[in-house]
Amino acid sequence: MNDYDGEQDKHISAWDLPFVEDERKAVETTTNALNRRSNWKYEPPENQVEEEEEFAPPTAQEIESIREAAQSEGFEEGKKEGLEKGHQEGFEQGKEQGSAQGLEEGKTQGLAEAQESVNQQLESWRSLLDTLHNPVALVEETLQKELVSLAVSLAKSVIRAEIKTNSDIIFNAISEGLKALPINERQYQIHLHPDDLVLVTEHFSEQEIEKHGWQLIEAPNLSQGGCDIVTQSNAVDVSIERRVKDVLDKFLLEQGLDTINASEDE
């Protein structure tokens, strides 16, 4: 249906049957198919004058303003669209890169920790297998250490007993220490246990002690049977502990055993 048909439909209505009783009344109330009364006539409007609106072309300034406004509006829309698109693309790209990097780092760290744990477990298993496969060797090693410790203790006990009954031990220690020092030394400070100091002063006269350039100094912290000799430029340790350790270390090394630790040298 076109516009013309629609316009016609607006003017179409039910057509009443003509009134046949009173012709005047029928003329006043009856309408035709166009909803017009039968006595309707077209009357053109009087002095119909169409007012034509004057149209003035835009000035150059107005055209420039319109152009600038359109350009500004287009620029803002393009800028907004570009920012939104750039933000979205950057977000997606950053998210993808961050996820990949985090996954790679997590994988690397996990592998390293797992490798460390595996190494620790392997070391524990090796130690356990060695213990199971070589129980005799472990017992022998432990027994060997205990026997060496016992022998060292017995040797020290024997030496201490010998020291108390043999006064020559302190004189041998002094002689050994003096021989270890340069022959051009003239003054010696000899640190001795109080009991050994008495033995030395009883064995040597004051003139002999002065002649040798000895200065005897009491040292209660030293064990009997040994001494420390100090000169202006040298020092030598001939304490009983040092001498016993040297002898025992030499013996242990000859037997293929470990030497005595400093903490065990008591």
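This report describes a predicted model, taking up its aromatic pairs, its paired strands, one of its helices and a nonpolar surface patch.

## Aromatic cluster

The count of aromatic pairs comes to 2. In one of them, F171 and F204 meet edge-to-face, with 6.1 Å from centre to centre and 80 degrees between the planes of the rings. Because F171 belongs to helix α5 (residues 168–180) while F204 sits in the loop between α6 (194–203) and α7 (206–212), this pair ties together parts that are 33 residues apart in sequence. F171 has a relative accessible area of 17% and F204 one of 18%; since buried means under 20%, F171 counts as buried, and F204 counts as buried as well.

F204 also takes part in an aromatic pair with W214, again edge-to-face, where the centres are 5.2 Å apart and the planes are at 85 degrees. Here the loop between α6 and α7, which holds F204, is tied to strand β2 (residues 214–218), which holds W214, so the parts brought together are 10 residues apart in sequence. F204 and W214 are both buried, and the ring pairs link F171, F204 and W214 into a cluster.

## Strand pairing

Strand β1 (residues 188–192) pairs with β2 and with β3, and the sense of the pairing can be given for each partner. With β2, the strand that carries W214, β1 runs parallel and is joined by 5 bridges; within this pairing, L192 has E218 of β2 as its bridge partner. With strand β3 (residues 227–230), β1 runs antiparallel and is joined by 4 bridges. Across that antiparallel pairing, H191 stands opposite D228, and L192 stands opposite C227.

Which residues of β1 lie on its covered face, and which on its uncovered one? The covered face of β1 consists of Y188, I190 and L192, whereas Q189 and H191 make up the uncovered face. In β3, the covered face is formed by C227 and I229, and the uncovered one by D228 and V230. Read together with the bridges, this places L192, from the covered face of β1, opposite C227, from the covered face of β3, while H191, from the uncovered face of β1, stands opposite D228, from the uncovered face of β3.

β3 also pairs with strand β4 (residues 235–238), in the antiparallel sense and over 4 bridges. The connection from β3 to β4 is a hairpin that runs through 4 residues, and V230 of β3 stands opposite A235 of β4.

## Helix α8

Helix α8 (residues 240–254) has 15 residues, which at 1.5 Å a residue should span 21 Å, and because its end C-alpha atoms are 21 Å apart, the expected span and the model agree. The buried residues of α8 are I240, R243, V244, K245, L248, D249 and L252. An α-helix has 3.6 residues a turn, so residues three or four places apart point the same way. Among the buried residues of α8 are I240, V244, L248 and L252, and the charged residues R243, K245 and D249 are buried as well. After the helix comes G256, whose phi is positive, near 75 degrees.

## Nonpolar surface patch

W125, L128, L129 and L132 together make a nonpolar surface patch of about 420 Å². Of these residues, W125 has its place in helix α3 (residues 60–133).

Definitions and conventions. Residues are numbered from 1 along each chain as its sequence is written. This is a predicted model: local features need pLDDT of at least 70, side-chain atom pairs count only at pLDDT 80 or more; totals for chains, interfaces and linings use all residues. Side-chain values use heavy atoms; hydrogens and water are left out. Rings of Phe, Tyr and Trp (its six-membered ring) pair if their centres lie within 6.5 Å; planes under 30 degrees apart count as stacked, over 60 as edge-to-face and the rest as tilted. Helices (H or I, at least four residues) and strands (E, at least two) are DSSP runs, numbered from the N terminus. Buried means under 20% relative accessible area, exposed over 50%, partly exposed in between (1.4 Å probe, protein chains only). Patches are made of residues with over 30% relative accessible area and no salt bridge: like charges are joined within 9 Å, nonpolar side chains (Val, Leu, Ile, Met, Phe, Trp, Tyr) within 5 Å. Accessible areas come from the Shrake-Rupley method with a 1.4 Å probe; for residues, only the protein chains shown count as cover. A salt bridge is a side-chain nitrogen of Lys or Arg within 4 Å of a carboxyl oxygen of Asp or Glu. The expected span of a helix is 1.5 Å times one less than its number of residues. Two strands pair if DSSP finds at least two bridges between them.
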